[in-house]
Amino acid sequence: MEEVEIPQYFLCPISLMIMKDPVTTVTGITYDRESIEMWLLTAEEEAEAEAEAVTCPVTKQKLPRDTELLTPNHMLRRLIQAWCIANASKGIDRIPTPKYPLDKSHMLRLVRQVNNHQICVEALRKIDALVIENEKNKKCLEEVGAIKAMVSFIVKSFKEKKLINGLEQALRIFHLVWSPTTKNEQLVKENHDLIEAILWILRSEMMNNNQVIIKTHAMMVLKNVIEVSSSNLLSELQPEFFQDMVNILRKESKYHISQQATKVALQVLIDTCPWGRNKHKIVESGAIFELIELELCNTEKRVSELIFCILAHLCTCADGRAEFLKHAAGISVITKRTLRVSSTTDDCAIQILGSISKFSATKEVLIEMLRIGAVSKLCMVIQADCEDYLKKKAMEILRTHSYAWSNSPCIQIYLLTRYPG
């Protein structure tokens with residue numbers, strides 16, 4: 001290939017590459033759009049951390065952080081394109097005409113069209129395409145009220161009891177555009193209708209192939225909402241809410257959607273568990289049985305961590321421990337996973353065994369712990385390379401019931417005295 005000398009003013013001062021979309025800053029210097037936008041983004045983060053202004057890479061003058069103030073240099077772009085075409089035979093690739101970002105007024109029009117039942121589906125389709133395109137579009141749509149429009153559309157669909165076209169796009173737009181700003185939180189933190197709408201979508205029978213996608217998006221939206229919901233809303237969640245979450249965990253259930261939805265359902269249970277009587281509602285929904293069943297066939301680390309976290313919460317109450325001990329594999333699965341998955345599961349496992357041994361340690365339970373190897377695993381925790389507080393918890397359990405396990409070959413005197421409490 002013949003070596004070609006590229007005109008210096010065709011090169012971006014940041015990337016030192018031929019500019020595809022030249023834009024000029026208020027300091028009069030022209031850069032490639034992608035390079036200067038990335039510069040502004042990273043420099044803004046550093047400037048905020050150090051309380052300094054963002055500056056132009058060439059002149060070192062102050063630069064406004066708003067990328068909308070970047071002016072397209074059409075003349076230079078045409079010169080670059082013409083030069084590339086003229087040198088195509090020398091291996092120079094043609095520079096396509098860039099697709100310029102839409103302004104806020106256009107996005108605001110699209111968001112407002114969502115409220116018009118005649119054109120809402122087409123508007124949602126266009127917004128969905130913009131959201132997927134780039135992060136700047138997401139930010140702009142959030143600023144012009146896309147979240148409010150999506151909430152209205154989803155709730156309207158619920159109140160009319162119609163799984164109308166556009167619901168998939170509305171759910172996806174909500175999740176991808178969502179950020180926990182004060183304005184957005186005010187829209188959803190007490191919005192019982194939105195919660196009911198999402199549950200209605202999860203319960204609905206859908207005859208199309210998009211059922212998995214729509215319901216998975218619905219779960220993602222639910223997670224976003226629950227994370228910022230008020231304590232009042234969380235405390236007032238009905239038993240049916242938790243039954244729906246548990247149904248998603250059942251692989252044989254019509255509610256079961258996807259592995260992603262399973263993780264979200266587990267996270268939602270964790271987030272709602274501490275409020276009001278939610279622990280009891282979760283236990284009454286049959287969650288403990290389903291959690292143990294799910295863990296028995298699970299191979300994913302993150303799912304195990306979530307399951308163990310919920311079980312640790314639920315075993316702090318009497319009815320939770322009772323349901324846990326009803327499952328023949330309860331203690332066994334906790335024992336088997338300890339020291340095999342992660343420090344998070346180890347922490348939760350010791351909490352569960354600690355709650356059982358402290359409050360529910362009948363003769364039968366203690367014999368079961370010895371029989372299935374829980375006692376041996378506690379001894380291993382003491383000797384393992386794990387946190388000292390876990391070793392102390394394990395030691396406390398062993399000491400508390402040393403009389404019942406004294407005949408166990410794994411319990412030796414030095415284990416009961418080596419780490420004094």
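This briefing describes the overall form of a protein chain and then several of its residues. The structure is a predicted model. The protein chain contains 23 helices and 3 strands. Its radius of gyration is 29 Å, well over the 22 Å that the globule rule gives for 421 residues, so the chain is more spread out than a compact globule.

**Overall form and surface**

- Taken along the principal axes, the box filled by the C-alpha atoms of the protein chain is roughly 90 × 55 × 45 Å.
- Of the 421 residues in the protein chain, 49% are buried.
- Among contacts in the protein chain with a separation of 6 or more, 65% are between residues 24 or more positions apart.
- The exposed area of the protein chain is about 21,600 Å², and carbon and sulfur atoms supply 52% of that area.
- The protein chain carries 52 positive and 52 negative side chains. The centres of these two sets lie 3 Å apart.

**Helix α21 and Lys 377**

- Helix α21 spans residues 374-383 and is mostly covered, with 7 of its 10 residues buried.
- The buried residues of α21 are Ala 374, Val 375, Lys 377, Leu 378, Cys 379, Val 381 and Ile 382.
- Lys 377, which lies in helix α21, has a relative accessible area of 11%; this is under 20%, and Lys 377 therefore counts as buried.
- Leaving aside neighbours within four places in sequence, Lys 377 is in contact with Thr 335, Lys 336, Thr 338 and Leu 339.
- One of these partners, Thr 335, is 42 residues from Lys 377 in sequence, while the C-alpha atoms of the two residues are 6.6 Å apart in space.
- Another partner, Thr 338, offers its backbone oxygen, which the side chain of Lys 377 reaches at 2.9 Å.

**Two buried asparagines**

- Asn 137 is located in helix α5, which covers residues 135-143.
- With a relative accessible area of 3%, Asn 137 is under 20% and is therefore classed as buried.
- Not counting residues up to four places away in sequence, Asn 137 touches Met 107 and Leu 130.
- The side chain of Asn 137 also reaches the backbone oxygen of Leu 130, at 3.1 Å.
- Asn 191 is placed in the loop between α8 (182-188) and α9 (192-203).
- The relative accessible area of Asn 191 is 17%, and Asn 191 is buried because this value is under 20%.
- The side chain of Asn 191 reaches the backbone nitrogen of Leu 194 at 3.0 Å.
- When neighbours within four places in sequence are left aside, Asn 191 is in contact with Val 151 and Leu 233.

**Gln 113 in helix α3**

- Gln 113 belongs to helix α3, which runs over residues 104-113.
- Gln 113 is partly exposed, because its relative accessible area of 27% falls between 20% and 50%.
- Apart from neighbours within four places in sequence, Gln 113 is in contact with Ile 119, Cys 120 and Ala 123.
- Gln 113 and Leu 130 are 17 residues apart in sequence, and their C-alpha atoms are 15 Å apart in space.

**Residues with positive phi**

- Leu 16 is a residue other than glycine with a positive phi, near 60°.
- Leu 16 is found in the segment before β1 (22-24).
- The relative accessible area of Leu 16 is 57%; this is over 50%, so Leu 16 is exposed.
- Lys 60 is not a glycine, yet its phi is positive at about 65°.
- The position of Lys 60 is in the loop between α1 (33-50) and β3 (71-72).
- Lys 60 counts as exposed because its relative accessibility of 57% is over 50%.

Conventions: Residues numbered from 1 in each chain as written. Predicted model: local features only at pLDDT ≥ 70, side-chain atom pairs only at ≥ 80, totals over all residues. Heavy atoms only, no water. Helix = DSSP H or I, 4+ residues; strand = E, 2+ residues; numbered from the N terminus. Rg over C-alpha atoms; globule rule 2.2 N^0.38 Å. Buried < 20%, exposed > 50% of the residue type's maximum accessible area, 1.4 Å probe, protein only. Contact = heavy atoms within 4.5 Å. Areas by Shrake-Rupley, 256 points an atom, 1.4 Å probe, with all protein chains shown as cover. Lys, Arg positive; Asp, Glu negative; His and termini not counted. Charge placed at Lys NZ, Arg CZ, Asp CG, Glu CD. Polar contact = N/O pair within 3.5 Å; in protein donor to acceptor, adjacent residues only side chain to side chain.
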